[in-house]
Every structure is written in C-alpha cells, then in structure tokens.
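Biologist: I am new to this structure and should be grateful for a close look at a single part of it. Please begin with the cysteines and then proceed to the helix that you consider worth examining in detail.

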Amino acid sequence: MTGKEKSKDYNLRKKYNITLEQYKKLLKKQNGGCACCGMKNQTLQEGFNKSLVVDHSHITGKVRGLLCVYCNRALGMVTENPYSNVTPLQYIQNTLNYVQQHNMDDEFKLIKEGKSNFKTKGIGL
C-alpha cells in the first residue's frame, strides 16, 4: 500500500469502520459510480475531492453506499429535516402514484427526450 492508500485506509477505518479494500469492493459493486446517479469518480467537477463519499447512517453508523458529492449533499438536505412531515421517499411515491393514476407516462417520455415544456407547464400537482 502506498502512503496515500494507507492514509485513506486509516481514515475509512476511523470514520466508517470499513477498510480501503471494502471501499474498493463497494465501488466495484456500484460499477465505479455513485449509488444514486451513477456518476463516475473522474467525471466529478474540478475543485471537489474526486473520490465518492461514504454514505452512512448518522444514527447507526451503518454504511449504505458510495455517493458523489452532489447526491450526498442533496440527500443530506432532504433527509435531515426534523420539521418535515413528509419524507422525500413518501413525496416521490405520492408523485409516482399520481402519474400512474393520471396516465402521464407519455409526458415523462417527452420530458426524458427533451420535448416537453415541463418547466412552464408543470404536472398538475
């Protein structure tokens, strides 16, 4: 192990109770990318640490996966709000239920293809 790898191994063990080897196995399991969006290490914007961060429960300490800095920030912003009465997962599930009930699959296909005026029209929620 190089000095840099030893340092990373030490930090992973101290912060998350995993080894560098376990980090690498998890990264391989995630096909080298963020568990949420799939962004690869090398595609991260300059100025950020190019390693994926360890996503873990702040309550149990259990490691959930590796995330890019963008998904890690977004997840932290939406899941750590004690004043919210609806979790992001519940909101997404409610939205998916709405889409299914109102047969909006075609609208989502147009959005994916960039052919919708979704930003100005909205989806009627």
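Modeller: In this predicted model, the number of disulfides is zero. A disulfide is a covalent bond between the sulfur atoms of two cysteines. For Cys-36, the closest cysteine sulfur belongs to Cys-71, at 3.9 Å, which is too far for a bond. The sulfur of Cys-71 in turn has its closest cysteine sulfur in Cys-68, and because these two are 3.7 Å apart, they are also too far from each other for a bond. The cut-off behind this reasoning is that the two sulfur atoms must lie within 2.5 Å. As to their surroundings, Cys-36 has a relative accessibility of 59% and therefore counts as exposed, whereas Cys-71, at 14%, counts as buried.

The helix to examine is α1, which comprises residues 3-16. With 14 residues at 1.5 Å a residue, α1 should span 20 Å, and its end C-alpha atoms are indeed 20 Å apart, so the expectation and the model agree. Within α1, the residues Asp-9, Leu-12 and Tyr-16 are buried. They cover an arc of only 80° around the axis, and therefore lie on the same side of α1. The buried residues of α1 pack against helix α2 (20-29) and against the strands β1 and β2, the latter formed by residues 63-67.

The face of α1 turned away from this buried side carries exposed residues, namely Gly-3, Lys-6, Tyr-10, Lys-14 and Lys-15. Another lysine, Lys-8, has its charged end over the ring of Tyr-23, at 4.5 Å from the centre of that ring. As for pairs between aromatic rings, the structure holds zero. After α1 comes Asn-17, whose phi is positive, near 60°.

One of the elements against which α1 packs is β1, and a residue of that strand completes the picture. Strand β1 runs over residues 53-56 and includes Asp-55. Asp-55 counts as buried because its relative accessibility is 10%, and the limit for that term is under 20%. Leaving aside residues up to four places away in sequence, Asp-55 touches Lys-62, Val-63, Arg-64, Gly-65, Leu-67, Asn-72 and Leu-75.

How values were computed
Residues numbered from 1 in each chain as written. Predicted model: local features only at pLDDT ≥ 70, side-chain atom pairs only at ≥ 80, totals over all residues. Heavy atoms only, no water. Helix = DSSP H or I, 4+ residues; strand = E, 2+ residues; numbered from the N terminus. Buried < 20%, exposed > 50% of the residue type's maximum accessible area, 1.4 Å probe, protein only. Contact = heavy atoms within 4.5 Å. Phe/Tyr/Trp six-rings, centres within 6.5 Å; stacked < 30°, edge-to-face > 60°. Lys NZ or Arg CZ within 6 Å of the ring centre and 35° of its normal. Expected span 1.5 Å × (residues − 1). Arc of directions from axis to C-beta.
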